[in-house]
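Please find below my notes on this model, set out as numbered points. They are meant to be read with the sequence and the coordinates at hand.

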Amino acid sequence: MYAVINKEGLAMSPFIRSDKEEEYFLRKEAEKLKKMAEKRRAETEAAEREELKKLHYMRCPKCGMELQEIEFQSIHIDKCFSCGGVWLDDGELDAVAKKEDENGVLSRFTSIFR
Ligand SMILES: [Zn+2]
């Protein structure tokens, strides 16, 4: 029986890794560290998005004051009574346009974004 002694004088396994084996273990370790970093980044981004939502939810994008929801012909409109701005959620402008005559200005306006 024998033991391999490293430069610090500590006994090591007699098994000596080849360069390819060393690269394999380093690659595995690097993959693990990369996955951990990606997970931390995703968690941070999710936390930042949640913070932004807390700060901006139902706030006017122009003046920052509180928006009031008004239902008009089953369409929900967010209105700012401070600056007079009107905010529509995704799909609501199209819903308004559908209620209008096909040759109406609003239908032509929303067709620009389709
Ligand atoms: Zn406003």
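**Notes on the hairpin, the sheet and the long helix**

1. I begin with the turn between two strands, bearing in mind throughout that this is a predicted model. In the hairpin that E3 and E4 make, two residues lie between the strands, and Gln 73 adopts a positive phi near 50°. The two strands, E3 at residues 68-72 and E4 at residues 75-79, run antiparallel and are joined by five bridges. Within this pairing, Glu 71 is the residue that stands opposite His 76 of E4.

2. The hairpin belongs to an open sheet of three strands, whose order is E3-E4-E5 and whose pairing is antiparallel. E3 and E5 (86-88) are the edge strands, and because each has a single partner strand, one side of each is left without a neighbour in the sheet. Ignoring direction, neighbouring strands here are turned against each other by 35° on average. Helix H2, residues 92-99, packs on this sheet by touching E4 and E5, and the direction of H2 makes about 120° with that of E4.

3. How many of the five residues of E3 are buried? The count is zero, and strand E3 is accordingly described as hardly covered. Gln 68, which is found in this strand, illustrates the point, for it has 11 other C-beta atoms within 10 Å and is therefore exposed, the limit for that class being 12 or fewer. Once residues up to four places away in sequence are set aside, Gln 68 touches Lys 79 and Phe 81. The C-alpha atoms of Gln 68 and Cys 80 are 6.3 Å apart in space, although the two residues are 12 apart in sequence.

4. Leu 67 lies in the loop between H1 and E3, and its surroundings deserve a separate remark. With 19 other C-beta atoms within 10 Å, Leu 67 is partly exposed, because a buried residue would need 20 or more. Leaving out neighbours within four places in sequence, its contacts are Met 58, Arg 59, Cys 60, Asp 78, Lys 79, Cys 80 and Trp 87. Between Leu 67 and Tyr 57, which are 10 residues apart along the chain, the C-alpha separation is 8.9 Å.

5. Helix H1, which covers residues 19-56, has 38 residues and reaches 54 Å from its first C-alpha to its last, close to the 56 Å expected at 1.5 Å a residue. Is this helix covered or in the open? The number of buried residues among its 38 is zero, so H1 lies largely in the open. After H1 comes Met 58, which has a positive phi near 60°; Met 58 is also one of the residues in contact with Leu 67.

6. For the chain as a whole, there are three helices and five strands, which follow one another along the sequence in the pattern β-β-α-β-β-β-α-α. Buried residues make up 2% of the 114 residues in the chain, a figure to be read together with the zero counts for E3 and for H1. Among the contacts in the chain with a separation of 6 or more, 6% are accounted for by residues 24 or more positions apart.

Terms used: Residues are numbered from 1 along each chain as its sequence is written. This is a predicted model: local features need pLDDT of at least 70, side-chain atom pairs count only at pLDDT 80 or more; totals for chains, interfaces and linings use all residues. Helices (H or I, at least four residues) and strands (E, at least two) are DSSP runs, numbered from the N terminus. Two strands pair if DSSP finds at least two bridges between them. Two residues are in contact if their C-beta atoms, placed from the backbone, lie within 7 Å. Axes are lines fitted to C-alpha atoms, for helices over the stretch in contact, and angles run from 0 to 180 degrees between N-to-C directions. The expected span of a helix is 1.5 Å times one less than its number of residues.
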